[in-house]
Amino acid sequence: MTHSSGVLDVDSIRAQFPILHQQIDGKPLVYLDNAATTQKPQAVIQALTDFYTQCNANVHRGAHHLSDEATRRYERARDCVAGFIHAGNRKEVVWTSGTTESINIVANGMAQRLQSGDEVLVTQMEHHANLVTWQQACLRSGATLKVAPILDNGALDTDAFTELLNEKTKFVALPHVSNALGTINPVKALSAQAKSVGALVLIDGAQGVAHGNVNVCDIGCDFYAFSGHKLFGPTGIGVLWGKEEVLQNWPVWQTGGEMIAKVTYECSTWGELPNRLEAGTPNIAGAIGLAAAIDWFTGLDCDAIQAHEKALMASALEQADAFDGLKVIGNAPNKIGVLSFILQGTHPADVGFILDRQGIAIRTGDHCAQPLMRRLDVPGTARASFSVYNTLAEVDALFVALKKAQSMLG
Ligand code: 7TS
């Protein structure tokens with residue numbers, strides 16, 4: 001879906017998203033809340049319908065045709081994810097309900113290994129999913145949570161990050177891309193530094209996966225977590241990738257069916273990866289839907305996607321610069337997809353409300369990053385976040401609507 005010139009064919013992409021073609025209060029929908037969740041292309045909707053109309057059955061039970069077919073599609077989905085993130089092998093791909101559960105599996109295991117005197121390092125730009133989990137793991141284990149600061153422009157203070165690493169650092173957790181600011185972290189370099197002091201590293205990839213190539217081996221982390229719904233896939237499905245040698249002895253998360261080897265009334269032993277971390281009937285349709293999303297996404301030209309998102313961002317930043325009374329929050333040199341801002345003298349929630357009346361969907365509030373908002377000294381922000389199907393005309397529509405909001409609220 002690129003023009004011969006290598007430019008993303010946004011019209012043909014939009015045509016595949018049924019939800020985008022509607023009016024809100026008589027105004028065309030302009031969906032700019034992609035960091036919260038992305039819309040789903042017809043290919044994903046069809047894969048879910050096909051599963052439920054052709055082969056719905058439980059997996060790994062193998063007694064009949066439907067179960068065999070469901071298992072084939074479900075395990076093919078795992079191969080698809082493994083290829084997409086360049087996993088070492090398919091056993092490293094664990095299905096979860098989303099980024100939040102993925103991080104909880106790791107933090108829960110780590111809480112059993114940490115002890116007083118150990119340190120866990122996160123950053124000031126964490127989503128609560130990658131902060132509260134580690135805070136609680138530290139509280140349970142007696143370890144100390146350290147927080148690497150950001151600079152005023154929203155980039156990570158990498159010097160301070162380096163200084164905080166030492167032989168007590170047992171775990172480092174940080175986002176690939178900040179959901180509130182759009183800052184892209186240099187995850188490969190930071191992982192290498194963390195590994196050099198012997199720490200395990202988790203990258204929160206919730207916002208990282210939908211913008212281009214993710215190669216977990218190249219990053220050099222031990223864990224990478226993401227959600228299907230931010231990658232054009234269904235809600236309720238996500239992935240925990242972990243290096244095989246790290247995952248294979250990881251403390252089990254939930255217990256029950258599917259994850260065991262042998263069970264007696266007295267004790268149980270655990271199965272092999274990845275099933276040992278996947279208790280119970282999984283989200284089969286979700287996994288199949290996520291694979292359809294990845295197939296769809298990887299059919300696009302990655303360079304063209306990145307060029308398109310850069311162009312949207314450049315236009316948004318240029319119009320924001322020229323807008324009196326609008327302050328952009330987060331100006332890291334390396335950022336993607338997110339324009340967080342404050343319209344001076346107004347509350348973000350009021351701005352969001354007025355934009356909604358004009359058909360424009362953005363998110364307002366603390367973006368599940370309350371300590372970050374405090375660090376930036378703002379109550380919250382309004383956030384427009386862009387995806388492959390957004391157009392430059394939609395960016396223009398955002399700023400026209402913002403002028404209106406300013407005149408109504410000012
Ligand atoms: N980490 C980051 C960086 C996120 O952006 C989010 C969700 C999560 C973790 C949690 O993902 P979940 O799928 O498990 O909920 N971020 C947002 C957001 O920015 N607006 O709504 C959800």
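## A tour from the loops to the two domains

Select E258, which is found in the loop between helix 9 (244-247) and strand 11 (260-263). The model on screen is a predicted one. Phi of E258 is near 75°, a positive value in a residue other than glycine. Is E258 buried or partly exposed? E258 has a relative accessible area of 22% and counts as partly exposed, because buried means under 20%.

**A second positive phi**

Now select H86. Look for H86 in the loop that runs between helix 3 (65-85) and strand 4 (93-96). H86 is not a glycine, yet its phi is positive, near 60°. The relative accessibility of H86 is 38%, so this residue counts as partly exposed.

**A cis peptide bond**

Move on to L273 and P274. The peptide bond that joins L273 and P274 is cis, with omega at about -5°. P274 is found in a loop, with strand 12 (268-270) on one side and helix 10 (284-298) on the other.

**The whole protein**

Zoom out to show the full model. The protein has 14 helices and 17 strands. Its radius of gyration is 22 Å, close to the 22 Å given by the globule rule for 410 residues, so the protein is as compact as a globular protein of that length. Along the principal axes, the C-alpha atoms fill a box of roughly 70 × 55 × 40 Å.

Switch on the surface. The protein exposes about 16,600 Å², and 51% of this area is supplied by carbon and sulfur atoms. Of the 410 residues, 55% count as buried. Among contacts with a separation of 6 or more, 71% are accounted for by residues 24 or more positions apart.

Colour by charge next. There are 31 positive and 41 negative charges in the protein, and their mean positions are 4 Å apart.

**Two domains**

Colour residues 10-31 and 301-409 as domain 1, and residues 46-298 as domain 2, following the domain assignment. How far apart do the C-alpha centres of domain 1 and domain 2 lie? The distance between these centres is 28 Å. Where the domains meet, 32 residues of domain 1 are in contact with 27 residues of domain 2.

**L398 in helix 14**

Select L398, which has its place in helix 14 (residues 392-409). L398 is buried, with a relative accessible area of 0%. Which residues does L398 touch, not counting those up to four places away in sequence? They are L32, L355, I360, I362 and A384. Add I342 to the selection: L398 and I342 are 56 residues apart along the chain, and 14 Å separates their C-alpha atoms.

**T144 in strand 6**

Finish at T144, in strand 6 (residues 144-148). T144 has a relative accessibility of 35% and counts as partly exposed. Leaving aside neighbours within four places in sequence, T144 is in contact with D118, E119, V120 and C138. For a last distance, select A397 together with T144: the two are 253 residues apart in sequence, and their C-alpha atoms are 47 Å apart in space.

Notes: Residues are numbered from 1 along each chain as its sequence is written. This is a predicted model: local features need pLDDT of at least 70, side-chain atom pairs count only at pLDDT 80 or more; totals for chains, interfaces and linings use all residues. Side-chain values use heavy atoms; hydrogens and water are left out. Helices (H or I, at least four residues) and strands (E, at least two) are DSSP runs, numbered from the N terminus. The radius of gyration is taken over C-alpha atoms; the globule rule is 2.2 Å times the number of residues to the power 0.38. Buried means under 20% relative accessible area, exposed over 50%, partly exposed in between (1.4 Å probe, protein chains only). Contact means heavy atoms within 4.5 Å. Accessible areas come from the Shrake-Rupley method with a 1.4 Å probe; for residues, only the protein chains shown count as cover. Lys and Arg count as positive and Asp and Glu as negative; His and the chain ends are not counted. The place of a charge is taken as NZ of Lys, CZ of Arg, CG of Asp or CD of Glu. Domain bounds come from an automatic or database domain assignment.
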